[in-house]
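Ready for a few short exercises in reading a fold? Have the structure open and try each task before you look at the solution.

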Amino acid sequence: MSAPTAQEFYDQQNYSEAVTAYRSILEGQPADGVAWKNLGLSLVLTNQVEEGVVACQKAADLQPGNAEIRYGLGYALGAAKRFDKAIDEFDAALYLNPQN
């Protein structure tokens, strides 16, 4: 049996392990926007909100046209109580993917 992946930890709501696993992934793949977003959300969900916002912002900087990443940044900003900026990111996500 293989070790759980970062996404499996996230899906199992084992966010502390997901943080560790995503950080490991990013050591070898620092331009992986989705991994940055998932690290950010995992950090938010372990009450490391400010660090989560930074990681999600890094993801958005790497892939500004990715609606899922922009939504993730909006979520992190909302958790940080930066509601105006969160709304801007949710709007951007909707603009990029109006079907979702």
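The exercises below work through a predicted model, from ring pairs to a helix packing.

**Exercise 1. Classify the ring pair formed by Tyr10 and Tyr15.**

Solution. Start with the distance: the ring centres of Tyr10 and Tyr15 lie 5.3 Å apart, and rings pair if their centres are within 6.5 Å. Next, take the planes, which stand at 70°. Angles over 60 degrees count as edge-to-face, so Tyr10 and Tyr15 form an edge-to-face pair. Both Tyr10 and Tyr15 are buried.

**Exercise 2. Do the same for Tyr71 and Phe90, and place the two residues in the chain.**

Solution. Here the centres are 5.0 Å apart and the planes meet at 50°. That angle is neither under 30 nor over 60 degrees, so the pair of Tyr71 and Phe90 is tilted. Tyr71 sits in helix H5 (residues 67-79) and Phe90 in helix H6 (residues 83-96), so this pair links distant parts of the chain, 19 residues apart. As for accessibility, Tyr71 is partly exposed at 49%, and Phe90 is partly exposed at 29%. The model has two aromatic pairs by this rule.

**Exercise 3. Which residues touch the most other members of the largest nonpolar core?**

Solution. The core has 26 residues, and the ones to pick out are Tyr10, Tyr22, Trp36 and Leu39. Helices H1 (6-11), H2 (15-28), H3 (33-45), H4 (49-62) and H5 each give two or more residues to this core. Now look around Tyr10: leaving aside residues up to four places away in sequence, its contacts are Tyr15, Ala18, Tyr22, Asn38, Leu41, Ser42 and Leu45.

**Exercise 4. How do H3 and H4 pack, in angle and axis distance?**

Solution. The angle is about 165°, and the axes are 7 Å apart. Since angles over 145 degrees count as roughly antiparallel, H3 and H4 are therefore roughly antiparallel. Their crossing is left-handed. On the H3 side the contact residues include Gly33, Trp36 and Gly40; on the H4 side they include Gly52, Ala55 and Ala59.

**Exercise 5. Is Ala76 buried or exposed, and what does Ala76 touch?**

Solution. First, locate Ala76 in helix H5. Its relative accessible area is 0%, so Ala76 is buried. Beyond residues up to four places away in sequence, Ala76 touches Val44, Val49, Gly52, Val53 and Cys56. Finally, compare sequence with space: Ala76 and Ser42 are 34 residues apart in sequence, while their C-alpha atoms are 9.9 Å apart.

Notes:
Residues numbered from 1 in each chain as written. Predicted model: local features only at pLDDT ≥ 70, side-chain atom pairs only at ≥ 80, totals over all residues. Heavy atoms only, no water. Phe/Tyr/Trp six-rings, centres within 6.5 Å; stacked < 30°, edge-to-face > 60°. Buried < 20%, exposed > 50% of the residue type's maximum accessible area, 1.4 Å probe, protein only. Helix = DSSP H or I, 4+ residues; strand = E, 2+ residues; numbered from the N terminus. Core = buried A, V, L, I, M, F, W, Y, C linked by side-chain atoms within 4.5 Å. Contact = heavy atoms within 4.5 Å. Axes fitted to C-alpha atoms, helices over the stretch in contact; angles between N-to-C directions. Parallel < 35°, antiparallel > 145°, perpendicular 65-115°, else oblique. Left-handed = near helix turned anticlockwise from the far one by under 90°.
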